[in-house]
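Me: Please examine one part of this protein closely: the aromatic residues in its interior and the packing around them. I should like a single connected account that also places this part within the whole.

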Amino acid sequence: VSFIYNDSAQAYAGEDYEKIAIHTMLAHSFLSDGQLDEARIEAARINTKLSELNGFYKDNKNKYKDDAYARYLSGLINESNNDPDAAIVDYRAALKIYEGDYKTIFHVLPPNDLVRALHRLFELRNRKDEARLLAGNYKGLDLNKIDLEAASLVVVHEVGIINEKKSTEFVLPIAGQIIRFSFPVIRKEGLAQRQTGIRINDGLFEPGELSQNFNAIAYENLEDRRFRMIAKSSARLLIKGQLTRKAEKDFGALGWLAGNIYGAVTETADTRSWTTLPAAMYVTRVFLKPGSYSVEISNDGRVTDVKTIHLKRHELMLLRDAKAAKAPDPGGNS
């Protein structure tokens, strides 16, 4: 049916980035419930699923082939589970992806707190050469200031709502027919610019760092799919053209007109999408002495939670800030 109507005739299977985001949001959901092992499993599934999806395409493979945030999140979970060596593996993999595709394609720079976390674990595991090399590559961070005995609080923020998928189209008269091409598109701009981060004991505000840009990933994912969409649209337009010629042969000018109207009206882009997916993920990390603290969490300019936490020596506490992702931003920044 999709070849004589349009793609909306099929059940919506989701874009590739949405199939991956399912595991990201499941990992966050498990974090909310304190189920770190389950969260780590979902984070690990992300890159496995990416590899599986890209394996379906011989040509025009997706630029989104490795997920740096998934590696970063997995590293945080492993560190929280007191598995520093596994955390090092994940942090190093995350940093490599951030320094590569994430920086050049998705406009996400390597998070400073990721570099600090990796350097701290190198020092704790007595991997001095690797610590010196990392410090040399990131001289501006002054990595040696971090207290190796400190505890830390990490908050993952789900910020904004992903940009809406819309249609773009053009119409061409070809060989006596009105041909309409229509494709889904999504903007890659529009990340929140207001305060996202935490405040400890009414002290200085600690801003979060952009760690995942779903807007940019969605944009690139649709651009990568464009050639595959063109191939299917061309096949569909060929079939509709045959139907129009058959109608003209059987019913004359009226059949030709009806066939062209049908072809133009039904050739519309499938703009169904996961409309409540966050636009981005930010991560805030602070190193603290063991003790009790009051924490104020802000998300895109709004205070979303205030709580008291208790930290032990070397403990990494992971919190999820999801409240701002439940409704569109009335200011239009999402």
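Reply: The account below begins with the whole chain, turns to the aromatic cluster, and ends with the sheet.

The model is predicted. The protein contains eight helices and 10 strands, and 49% of its 334 residues are buried. Among contacts between residues at least 6 apart in sequence, 74% join residues at least 24 apart. The exposed area is about 16,200 Å², of which carbon and sulfur atoms supply 54%.

The part in question belongs to the largest nonpolar core, which has 62 residues; within this core, Y91, Y98 and Y102 touch the most other members. Helix 4, spanning residues 84–104, is the greatest contributor to this core, providing eight residues. In soluble globular proteins, nonpolar side chains tend to be buried together. Apart from this core there is a second, separate one of 14 residues, with A151, L153, I200 and L311 among them.

The search for aromatic pairs over the whole structure returns five. In one of these pairs, Y98 and Y102 meet edge-to-face, with 5.3 Å from centre to centre and 85 degrees between the planes. Both residues lie in helix 4, where a spacing of four residues corresponds to about one turn of the helix. Y98 and Y102 are both buried. Y102 also pairs with F106: the ring centres are 5.3 Å apart and the planes stand at 80 degrees, so this pair too is edge-to-face, the threshold for that class being over 60 degrees. F106 is buried, as is Y102. Taken together, ring pairs link Y64, Y72, Y91, Y98, Y102 and F106 into a cluster.

The surroundings of Y102 can be described further. Setting aside neighbours within four places in sequence, Y102 contacts Y64, D66, D67, A68, Y69, I97, H107, V108, S211, Q212 and I217. Of these, Y64 is also a member of the ring cluster.

Elsewhere, four strands make up an open sheet in the order 5-4-8-9, with antiparallel pairing. Strand 5 (205–207) and strand 9 (302–311) are its edges, each pairing on one side only. From one strand to the next, the twist averages 25 degrees. Within the sheet, strand 4 (residues 197–200) and strand 8 (residues 291–299) run antiparallel and are joined by four bridges. I198 is placed opposite I297 of strand 8.

Terms used:
Residues are numbered from 1 along each chain as its sequence is written. This is a predicted model: local features need pLDDT of at least 70, side-chain atom pairs count only at pLDDT 80 or more; totals for chains, interfaces and linings use all residues. Side-chain values use heavy atoms; hydrogens and water are left out. A nonpolar core is a set of buried Ala, Val, Leu, Ile, Met, Phe, Trp, Tyr and Cys residues joined through side-chain atoms within 4.5 Å. Buried means under 20% relative accessible area, exposed over 50%, partly exposed in between (1.4 Å probe, protein chains only). Helices (H or I, at least four residues) and strands (E, at least two) are DSSP runs, numbered from the N terminus. Contact means heavy atoms within 4.5 Å. Accessible areas come from the Shrake-Rupley method with a 1.4 Å probe; for residues, only the protein chains shown count as cover. Rings of Phe, Tyr and Trp (its six-membered ring) pair if their centres lie within 6.5 Å; planes under 30 degrees apart count as stacked, over 60 as edge-to-face and the rest as tilted. Two strands pair if DSSP finds at least two bridges between them. Axes are lines fitted to C-alpha atoms, for helices over the stretch in contact, and angles run from 0 to 180 degrees between N-to-C directions.
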